[in-house]
Amino acid sequence: MILSCQKISKAFGEDVIVTDGSFHIEDHEKCALVGINGAGKSTILKMIVGELPLDGGNIALTKGRTLGYLAQHQDMSGDNSIYEEVKTAKAEIIETERRLRQMEMEMKHLSGGRLESLMESYNRLTAEFERANGYAYESEVIGVLKGLGFAEDEFKKQITALSGGQKTRVSLGKLLLTKPDILLLDEPTNHLDLNSIAWLETYLLNYPGAVLIVSHDRYFLNRVVTKIIEIENGKLMMYSGNYTQYAEKKKMLRDAMLKEYLNQQQEIKHQEAVIEKLRSFNREKSIKRAESREKMLEKIKPVEKPVELHAEIHLKLEPSCTSGNDVLSVEHLGKSFPPHTLFSDVNFEIKRGEHVAVIGDNGTGKTTLLKILNRVLPADTGQFTLGTNVQIGYYDQEHHVLHMEKTIFEEISDDYPSLTNTEIRNMLAAFLFTGDDVFKLIGDLSGGERGRVSLAKLMLSEANFLILDEPTNHLDIVSKEILEKALNDYTGTVLYVSHDRYFINQTATRILDLVNQTFVNYIGNYDYYLEKRDELTAAYSCANTAGGTPSYSPGSQNTRLPGSLDDSAAVSSSKASWQEQKEAQARRRKRLNDLNKTEQRIAELEDRDSAIDRLMTQEEVYTNSVRCQELAMEKTGIAQELEELYEKWEELAE
């Protein structure tokens with residue numbers, strides 16, 4: 001064990017964060033601390049590192065172990081460049097290298113015993129330098145910076161010129177390079193693009209120390225952690241497994257607790273009815289029996305009713321009218337902010353009912369595309385056309401649609417006067433505004449809170465084409481799940497930018513990847529994108545180098561990389577048409593279905609085989625030669641069928 005938290009308690013006035021909570025982290029373990037916004041996750045991290053005092057309990061870090069902490073917000077200043085600042089994490093190695101160079105200079109002027117003594121110190125220091133991987137520290141620094149999304153031409157930027165998100169990435173880089181025995185990371189994937197998040201996942205999976213992460217990124221948690229520590233209503237619970245396994249176990253536990261609670265309530269009502277009936281007989285014996293039952297009832301320890309889940313609030317998105325089948329057509333679109341070209345000669349179409357996710361590295365132009373489509377920015381070249389009866393609902397991260405002088409409740413009720421107070425409160429509760437929170441002024445809210453209000457308004461709109469820029473930013477997991485269900489039930493069309501891979505997996509039917517100044521099209525969710533990314537990116541890069549820009553239309557049977565009709569067969573064959581991709585998906589579904597059926601049949605036969613073994617140990621069976629022979633023949637048949645099924649399973653699983 002490297003970290004132990006025993007019976008810890010913390011409250012701010014009447015706001016209880018945690019009461020009598022305990023958890024521990026083992027060496028090399030990767031853990032996540034999860035809970036809704038405001039549950040107290042960051043507070044617990046601050047108590048561990050000593051930034052906040054405990055009200056009760058104790059926290060112990062194993063003697064001699066080091067701890068590193070990344071807060072959500074960084075107050076970083078100074079004249080250092082990005083590279084110089086991150087390199088300070090290797091200060092000890094740099095100092096060792098300086099001493100070695102100094103010793104080498106001194107050796108030139110020494111002889112005899114003094115030289116021998118210096119050589120001994122030099123050899124010892126060299127061994128330490130090699131153990132610390134000193135010869136590779138510069139390449140390690142560069143690797144971490146690139147992994148976190150910094151281009152080499154940004155390395156010389158001064159810290160004072162960086163945004164808050166960039167400063168957080170610099171702090172994360174420094175922390176990773178110091179390699180403490182346990183890392184505490186508060187929302188480390190904020191401000192990272194998809195490639196950087198994937199790099200961080202790999203880094204943490206291979207990290208030799210322990211890690212405790214606070215994050216709402218479910219895909220990230222599924223990939224990295226093996227234990228979940230949940231804080232809910234002031235209580236701490238530990239679950240083994242990743243996020244999905246935790247969610248399944250939590251649901252099972254809650255269902256079991258709810259069943260136990262309902263059964264107890266039913267039993268109590270039953271006993272109360274029996275007692276009332278016995279008393280109504282008004283006989284000495286019946287009254288004594290009633291009193292006896294009352295005493296038994298008093299001894300029952302009440303089962304606590306499970307807390308109602310926010311996820312039980314159902315949001316309904318419904319367009320006011322149906323759009324035409326062709327929702328959006330983009331032709332030869334281009335945009336630059338000289339000297340940088342974001343994208344050029346872009347062509348794509350969106351059909352009614354599609355849920356299209358736009359992904360790509362930070363700074364490639366995803367948000368710019370959405371602003372062009374909403375006429376917030378003009379395009380440099382090309383044009384786009386909206387289809388018949390298309391009504392856009394736009395969510396931007398700058399929240400231009402809010403009125404700073406209104407309360408949250410007024411912002412909703414003024415725009416949607418037909419809603420009841422209960423309906424408004426339910427909607428706001430789904431986006432974490434409860435109680436008196438709904439009477440806060442918009443002007444007094446944080447950027448994240450304004451984002452949640454904007455999203456709530458959008459959910460109430462009757463638009464049939466939703467355009468969303470990072471809709472899950474600042475939402476906790478419960479709110480993300482509510483939004484996912486609302487979008488999946490939505491009959492209109494959705495185009496959104498997101499870095500949330502779990503959200504994309506749950507809601508996207510198609511992905512546009514902005515890479516090499518053009519859009520690469522994938523018919524499927526994020527997992528499908530990962531499967532096909534390298535193949536299609538290579539093909540598009542070839543086309544782009546040749547001076548063409550690919551154009552994908554989901555309805556086209558003859559989609560091909562542009563250029564002359566004589567484009568190489570290798571490039572052409574690397575692009576499956578819409579129909580081919582749909583057929584491939586159908587084949588995959590059939591294979592998975594066959595695999596499931598095979599697994600079910602194997603399970604049935606193995607259960608029967610075990611049952612036969614048990615039967616053969618029963619006296620009435622093993623003394624009956626005819627019955628024994630029947631069972632032996634059945635067992636032989638099972639073995640043969642199992643052998644065939646195992647082979648079939650292996651074939652399907654390949």
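This report covers a sheet, the cysteines and the nonpolar cores of a predicted model.

## Ground rules

Local features need pLDDT of at least 70 and side-chain atom pairs count only at pLDDT 80 or more, while totals for chains, interfaces and linings use all residues. Residues are numbered from 1 along each chain as its sequence is written, and side-chain values use heavy atoms, with hydrogens and water left out.

## The sheet

Six strands (DSSP E runs of at least two residues, numbered from the N terminus) make an open sheet with mixed pairing, in the order β5-β6-β7-β3-β8-β9. Pairing here takes at least two DSSP bridges between two strands. β5 (67–70) and β9 (235–240) sit at the edges with a single partner strand each, so one side of each has no neighbour in the sheet. From one strand to the next, the twist averages 15°.

β5 pairs with β6 (residues 182–186) in the parallel sense, over four bridges; G68 has L183 in β6 as its bridge partner. Lying across β5 and β6 is helix α6 (residues 164–178), running at about 170° to β5. Helices are DSSP H or I runs of at least four residues, and angles run from 0 to 180 degrees between N-to-C directions of axes fitted to C-alpha atoms, for helices over the stretch in contact (heavy atoms within 4.5 Å).

## Cysteines

There are zero disulfides (cysteine sulfur pairs within 2.5 Å) in the structure. C628 is buried at 18% relative accessibility, whereas C321 is partly exposed at 25%. Buried means under 20% relative accessible area, exposed over 50%, and partly exposed in between, using a 1.4 Å probe and protein chains only.

## Nonpolar cores

The largest nonpolar core (buried Ala, Val, Leu, Ile, Met, Phe, Trp, Tyr and Cys joined through side-chain atoms within 4.5 Å) has 46 residues, and F431, L466 and I511 have the most contacts inside it. Helix α14 (residues 447–460) gives this core its largest share, five residues. Another core, of 40 residues, lies apart from it, with V86, F150, I159 and L200 among them.
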